[in-house]
Each structure stands twice: as C-alpha cells, then as structure tokens.
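Me: I should like to go through the structural labels of a model one by one and hear what justifies each. Please set every value against its criterion.

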Amino acid sequence: MSAVRTAEGLQLRERTSARVSPSRVLDALALGSWTAVFWFLLITDRTSLYLSTRTAWVVPTGAILLTVGLVGRLLSLRSIDPKPITARSAVGIGLIVVPVIIVLALPPASLGSYAASRRSTFSSGGVVASAGDIASGDLSLLDVAGGQRSGEGFAALVDRAGERVDFTGIVTKDPGAPADEFVLTRFLISCCVADALSVNVRVVGAPPGRFKADQWVRVSGRFYPLGRDVIVDSTEIVAVERPKRPYLSP
Amino acid sequence: MQAPATEVRLESGYRYAGYMMLALVAFGAALYVFDPANVAGVQNFFLVFGSLLIEAIPFILLGALVSAAIEVFVPVTVFEKLALLPKPLQLPAAGLAGAAFPVCECGSVPVARRLIVKGLVPSAAVTFMLAAPVLNPIVIASTAVAYRGREVFWPMVLGRVGLGFLVAVAVGYVISDESKEQLLKKRTGRAKNLDHDHEPARTHAAPASPGRLLSGARFREFFGHLSNDFVFMGRFLVIGAMVAAALQTFVPQSIIGGVAETPVISILAMMGLAFLLSLCSESDAFVAASFVQFGVGGQLAFLVFGPMVDTKLGILYGATFRQGFFRTVVVVVTACTLVGCLWLEVLFG
C-alpha cells in the first residue's frame with residue numbers, strides 16, 4: 001500500500017467513524033430558524049414594518065448569508081468527536097430562537113399611539129430637512145419635522161402658512177384636547193423601528209368621536225405653524241389602510 | 001466505536017434539547033392565545049426587539065464569516081510581522097492592523113494571546129486586541145448604516161474609529177512595561193471555550209497550516225467557526241436587544257431623558273449599559289442609535305467602551321491575562337473614553 005493510499009485510507013476511516021454531533025444539530029436549528037425569518041420577511045414583504053427603506057437591503061443579504069451558513073452547518077454535522085448538548089447550550093439556542101417565534105407570530109403591525117407617547121419627537125432627534133427643502137415642493141411631514149428642528153426651517157414653514165396639505169398618519173388622542181381635535185402622528189426611522197422619532201401635527205375640525213386612536217387616516221386641509229406646533233385645519237379626513245411603508249425615511 | 005460513557009453523555013444531552021423545544025412550543029402557544037396585538041406595550045416591545053435583531057443579525061453573521069475565514073485560511077504569521085517593526089511604532093501599527101482584520105472582540109482575545117506567545121510585544125498585542133473590534137471594516141460599515149442620514153453621522157463614525165484607536169493605544173502604553181510572563185495567565189483546560197464544537201484537529205489558537213487550504217476538512221472547520229461565533233454572539237445580541245427594547249418601551253421617557261441630559265452621567269450610564277449588554281461590536285451601533293435621547297457623547301461612549309470592556313470580555317480577559325489586567329483595562333478605557341466623549345460632546349453636542 002502506498003503512502004498516498006494510506007493517507008486516503010486514514011481520511012476514509014475518519015469519515016466512517018464520524019457521526020452526527022448533537023450540538024451541531026442545535027447550531028443548525030438556530031441558523032435555520034433565523035434563515036426562515038429572513039425568507040419569511042422577504043416573501044411576505046414585511047421588511048418595511050421593521051426597517052427603513054435605506055436599510056432594507058440587509059434582509060436579502062441576511063437571507064443569503066444565513067442560507068449559506070445553514071447549508072455549511074448541515075454539511076458539517078458529522079464529527080469524529082461529537083459534543084453532547086449541555087443545559088447551557090440548550091438555553092442559549094432557545095434564547096436565539098425566541099425572537100424568531102415572536103417575529104413569525106406577530107401579526108403585521110407598526111408602531112402606534114403607545115409609542116408616540118413614549119418616543120422622542122423630532123425636536124430632540126437628529127434628522128433634518130433643510131430650509132431649502134421646506135421652502136419648495138409639496139409640503140410633507142418630513143418638512144414639518146425639519147421645521148420643528150431648526151429656527152431657519154420653522155421660518156421656511158411659516159412662509160408657507162395657509163397652503164393646502166395632505167398628510168397620512170395615525171390618530172393619537174390627547175386627553176386634554178377638545179373633541180374635534182386629535183394629533184396626527186407618523187414615525188420616521190433612519191435605520192430600524194428602534195430609532196423611530198415621531199412627527200406630530202395637531203388636526204382641528206375633525207368629526208368628534210369618529211376616529212379612534214391608532215387608526216390610519218389621510219387629512220386634507222390648510223396648515224398653520226403656530227409657536228412650535230403645526231396645526232392642520234382639516235377640510236377632509238378619511239380613514240385609510242396602513243400604507244405599505246408605514247414609516248417615513250429621511 | 002464510541003465508549004459507553006460518551007454514548008450516555010450524548011443521549012442525555014437530547015433531554016435538554018427536548019426541554020428547550022417544549023419551552024419554545026409553550027411560548028409560541030402563549031403568543032397565539034394571548035395575542036400581543038391586544039396589549040400596546042407588548043406589541044411595541046416586540047416590534048422594537050424584532051427590528052433590532054433583524055437589522056443586526058446579518059452583521060453578526062458577516063462578522064462571523066470573515067472572522068472564521070481569517071481563523072481558518074489566514075496563517076498567524078501575517079500578524080507576527082508586527083514584531084519586526086521598531087518598538088515605538090508597534091502600538092500604533094498594532095492598532096491600525098485592527099482595521100485590516102475584521103475580528104470581533106471575542107475572536108481578538110485568543111489572537112492577542114497567540115501573538116504574545118509568538119513573541120510580539122505584549123502591549124502591541126493588547127492594542128491590537130482592543131482596536132480590532134472597533135476599527136474593523138464591518139464595524140465601521142455597520143456604524144455607518146446605523147447612523148446614515150443623521151446629522152451626527154460623521155462624528156459617530158469618525159469619532160468611533162479615532163477614539164477607539166486612541167484608547168487602544170493608551171491601554172497599550174499603560175501596560176508597556178509588562179513582559180509576556182507578567183501579562184499572560186498560565187493556560188488551563190477551563191480557559192478554553194467548552195461550548196465550541198470544532199473539528200478536533202485545530203482550536204481557535206492553533207495556526208492555519210499552509211497546506212490543504214481548500215480541503216473539505218478546512219471548510220468544515222470554517223463552517224464550525226461560523227456557526228459557533230453566530231450562536232455565541234447571537235445570545236448576547238438577543239439579551240441586549242431585549243434590554244434596549246424594554247428600556248424604550250416600559251421605562252418612562254422622563255427618567256431616560258433625565259439621565260440623557262446630564263453630561264457626565266449620560267456618558268457613564270451608556271458605558272455601564274454597554275458593559276452589561278455585552279453586545280458584539282458588529283451590531284452594537286444599531287442599539288446605540290436607538291437611544292436617540294442621548295447625545296453624541298453618550299452614544300459614542302457606548303460604541304467605544306463596549307467592544308473593549310463588557311461582561312463576556314471580563315470572563316475572557318480573566319481566563320487569558322493575569323489578575324488585575326481587567327481592572328487596568330477598565331480604569332484606562334473608562335477615563336480615556338469619558339474624556340474623549342466629553343470633548344466630542346463639546347464640539348458636536
């Protein structure tokens with residue numbers, strides 16, 4: 001028997017004595033469950049419920065990377081020295097799989113009025129729309145946010161007082177407000193939901209009691225910056241479906 | 001053939017897996033019965049928690065992938081060339097070497113140990129160990145993604161790189177008088193990571209042999225490192241994301257705002273949080289960026305301090321270096337990060 005054949009023979013013997021390692025099966029479970037989440041987000045088009053448009057690319061990237069990792073792990077499940085599953089490793093893998101169950105089980109949802117009461121507004125955030133952006137084009141909630149962020153931006157907003165606007169957002173109830181008023185809120189995320197900042201305008205002239213908190217509405221009317229607040233004197237308010245992209249991106 | 005004792009050990013492990021699966025099924029059933037959409041706070045918590053993980057998991061995996069590739073395919077002699085430089089240049093060069101080798105903080109500790117054993121000046125190896133998790137390209141990319149579109153984009157990205165480099169070099173200077181024998185702890189079996197299930201031919205610290213670079217065994221080893229790193233870092237990320245989501249959802253804004261608006265306290269609080277959360281540097285920027293109430297100083301402190309000092313690193317440092325090393329690192333990193341972040345707060349806050 002030649003030396004080369006001996007080396008091959010050794011490798012063959014290693015392969016035949018190898019067996020599936022339980023701890024590797026558990027690793028594959030962790031990788032596989034997250035792979036499922038990323039493909040689920042892609043197939044169901046739910047990325048926009050979690051990420052900004054500018055970071056949405058991480059989902060297909062993650063799906064591919066995780067699939068590669070999973071396939072590699074599945075192909076290397078066998079070991080000549082298989083390791084048992086310990087209580088610690090089982091808990092660790094369970095911890096990694098818990099969020100998978102949450103994401104898969106959670107019905108399609110976006111941040112609502114609960115978050116609006118607890119998140120920072122633009123005035124304390126760090127994203128701006130320039131005064132030049134605010135001064136031209138259709139007014140958007142991003143422009144409102146920019147105006148609330150800087151004195152220069154607010155001056156640009158004041159210059160456009162009385163113009164017609166169409167804003168879409170969720171209804172947020174302010175306990176002390178008159179019955180025909182509510183706050184229209186939209187969240188802006190620059191990366192993911194965790195960094196959401198709220199943009200708020202006060203809507204007046206709403207039909208009392210018609211719209212509930214967290215309901216998505218489109219408000220048409222004329223807007224007036226007053227103090228640091230922006231007020232929309234509504235001419236029409238209609239209930240709408242949650243937009244495909246519920247969050248604004250800078 | 002496996003020894004009977006090994007057979008029993010392997011079989012008994014399946015019991016833990018069974019309990020874990022049962023717990024997961026119970027959790028899923030509870031979610032189904034008590035629809036989280038009915039409780040606004042819980043739904044908010046799940047959305048923030050899920051979004052942090054969805055954003056960060058690909059970066060964890062990317063980091064694990066590159067780290068595994070370096071571990072398996074790059075011979076350790078590449079790092080050893082640092083030892084050929086004149087001594088005064090070794091610390092800055094070691095710090096900058098971190099930019100070229102995307103090793104996360106867990107991976108950098110065994111690499112540093114091996115470099116010291118191989119004859120690199122210990123302080124240079126420590127500088128590399130601390131700088132690599134902050135300066136490496138994946139970390140810079142994830143920080144840029146997390147802060148893209150913010151007016152603090154450049155202060156955060158450049159501040160993290162610059163301050164991280166300076167802090168790592170500062171720690172290197174502080175321990176520059178220590179020899180290999182003074183710095184390293186004698187290796188014991190316990191010091192090795194027992195959770196890792198590699199091919200037995202090599203461990204983390206073993207060099208990549210030049211031959212058989214593309215062999216099947218090498219690829220099995222590569223995927224072994226990849227999945228081990230993913231699982232090891234993933235659990236810390238999940239805990240970190242859970243804490244961050246809970247803080248944002250359930251802690252009143254008045255409390256967080258009060259801490260965030262007090263300059264020195266806000267920076268120390270974020271350092272403390274980074275220590276407790278023990279996030280991987282490849283994903284921590286997403287968590288830091290979610291603390292919008294905190295200024296540039298607080299968020300930067302989180303990003304510079306965390307990759308150098310946290311609970312899991314405390315365990316790794318304790319297993320690798322002499323008693324007191326961790327204390328030295330904590331003191332120097334805290335002082336330098338605090339001063340640096342206060343300056344940045346003055347300039348950009």
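Reply: The questions below deal with elements, burial, strand pairing and the interface.

This is a predicted model, in which local features need pLDDT of at least 70, side-chain atom pairs count only at pLDDT 80 or more, and totals for chains, interfaces and linings use all residues. Residues are numbered from 1 along each chain as its sequence is written, while chains are lettered from A and ligands numbered from 1 in the order in which they are written.

Me: What makes a helix or a strand here, and how many are there in chain A?

Reply: Helices (H or I, at least four residues) and strands (E, at least two) are DSSP runs, numbered from the N terminus. By that rule, chain A has eight helices and seven strands.

Me: Why is A:Thr44 called exposed?

Reply: A residue is buried if 20 or more other C-beta atoms lie within 10 Å of its own, exposed if 12 or fewer, and partly exposed in between, with C-beta atoms placed from the backbone. A:Thr44 has 11 other C-beta atoms within 10 Å and is therefore exposed. The residue belongs to helix 2 of chain A. Across chain A, buried residues account for 48% of the 250 residues.

Me: What makes strand 5 of chain A largely enclosed?

Reply: Six of its eight residues are buried, so strand 5 of chain A is largely enclosed by the rest of the structure.

Me: How do you know that strand 4 and strand 5 of chain A pair?

Reply: Two strands pair if DSSP finds at least two bridges between them. Strand 4 (residues 181-188) and strand 5 (residues 197-204) of chain A have eight bridges, in the antiparallel sense; A:Thr185 has A:Asn200 in strand 5 as its bridge partner. Strand 5 and strand 7 (residues 229-239) of chain A also pair, over three bridges in the parallel sense, and A:Arg202 is opposite A:Ile231 in strand 7. In chain A, a closed barrel of five strands runs 3-4-5-7-6, with mixed pairing.

Me: What counts as contact between chain A and chain B, and how many residues are in contact?

Reply: Two residues are in contact if their C-beta atoms, placed from the backbone, lie within 7 Å. On that criterion, 69 residues of chain A are in contact with 66 residues of chain B. Helix 4 of chain A supplies the largest share of the side of chain A that touches chain B, 15 residues.
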